[in-house]
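I opened this notebook to keep track of what I looked up in one structure. The entries follow in the order in which I made them.

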Amino acid sequence: MAHTEGLGLTPDTHGHPTVIVEQGRFCFARCGCGWRGPARRARSQARTDGATHEGSTRG
């Protein structure tokens with residue numbers, strides 16, 4: 001079973017809500033648009049991946 005952790009989303013994410021999903025020893029960022037980051041052992045790196053994705057999708 002996967003565990004999901006929110007990132008403290010703000011209204012200016014323009015439809016790209018990102019969460020952290022944990023599966024076993026790994027976690028990854030997942031976005032509402034269907035994007036998925038690489039599997040990481042460090043939650044902090046998965047959060048960075050998600051924040052980078054959110055920043056790259058802002059208009």
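Entry: salt bridges. I searched the whole structure, which is a predicted model, and the search returned 2 salt bridges. I took them one at a time.

I noted R43 and E22 as one pair, with their closest N and O atoms 2.4 Å apart. R43 belongs to helix 1 and E22 to strand 2, so this pair ties together parts that are 21 residues apart in sequence. I then checked how covered each partner is. R43 has 42% relative accessibility and therefore counts as partly exposed. E22 has a relative accessible area of 19%, and because buried means under 20%, I wrote E22 down as buried.

The other pair I recorded is D49 with R40, where the closest N and O atoms are 2.8 Å apart. D49 is buried, at a relative accessible area of 12%. For R40 the relative accessible area is 28%, and I put R40 down as partly exposed. I added a general remark in the margin: side chains of opposite charge can pair when their charged atoms come close.

Entry: the chain as a whole. I wanted the layout next. The protein chain has 1 helix and 3 strands. Read from the N terminus, I get the order β-β-β-α. The protein chain has 59 residues, and 27% of them count as buried. I also looked up the surface: the protein chain exposes about 3900 Å², and carbon and sulfur atoms supply 50% of that area. On contacts, I took those between residues at least 6 apart in sequence and found that 22% of them join residues at least 24 apart.

Entry: the hairpin. How do strand 2 and strand 3 pair? I found the antiparallel sense, with 6 bridges between strand 2 (residues 18-23) and strand 3 (residues 26-31). As one example I picked V19, whose bridge partner in strand 3 is R30. The two strands form a hairpin with 2 residues between them. In that turn I noted G24, which has a positive phi of about 65°.

Entry: the loop before the hairpin. I looked at P17, which lies in the loop between strand 1 (3-6) and strand 2. P17 is partly exposed, with a relative accessible area of 34%. I also compared its position with that of A51: the two residues are 34 apart in sequence, and their C-alpha atoms are 9.9 Å apart in space.

Entry: H53. Is H53 buried or exposed? I found a relative accessibility of 9%, so H53 counts as buried. H53 is part of helix 1, which covers residues 43-57. I then listed what H53 touches, leaving out residues up to four places away in sequence: H16, T18, C31, C33 and W35.

Entry: rings. How many aromatic pairs does the structure hold? I found 0. I did find a charge at a ring, however: the charged end of R36 sits over the ring of F28, at 3.6 Å from the ring centre.

Closing entry. Going back over my notes, I kept two items to look at again on the structure. One is the pair of R43 and E22, which links helix 1 and strand 2. The other is H53, with its contacts to residues including C31 and W35.

Note on methods: Residues are numbered from 1 along each chain as its sequence is written. This is a predicted model: local features need pLDDT of at least 70, side-chain atom pairs count only at pLDDT 80 or more; totals for chains, interfaces and linings use all residues. Side-chain values use heavy atoms; hydrogens and water are left out. Helices (H or I, at least four residues) and strands (E, at least two) are DSSP runs, numbered from the N terminus. Buried means under 20% relative accessible area, exposed over 50%, partly exposed in between (1.4 Å probe, protein chains only). Contact means heavy atoms within 4.5 Å. Rings of Phe, Tyr and Trp (its six-membered ring) pair if their centres lie within 6.5 Å; planes under 30 degrees apart count as stacked, over 60 as edge-to-face and the rest as tilted. A charge sits over a ring if NZ of Lys or CZ of Arg is within 6 Å of the ring centre and within 35 degrees of the ring normal. Accessible areas come from the Shrake-Rupley method with a 1.4 Å probe; for residues, only the protein chains shown count as cover. Two strands pair if DSSP finds at least two bridges between them. A salt bridge is a side-chain nitrogen of Lys or Arg within 4 Å of a carboxyl oxygen of Asp or Glu.
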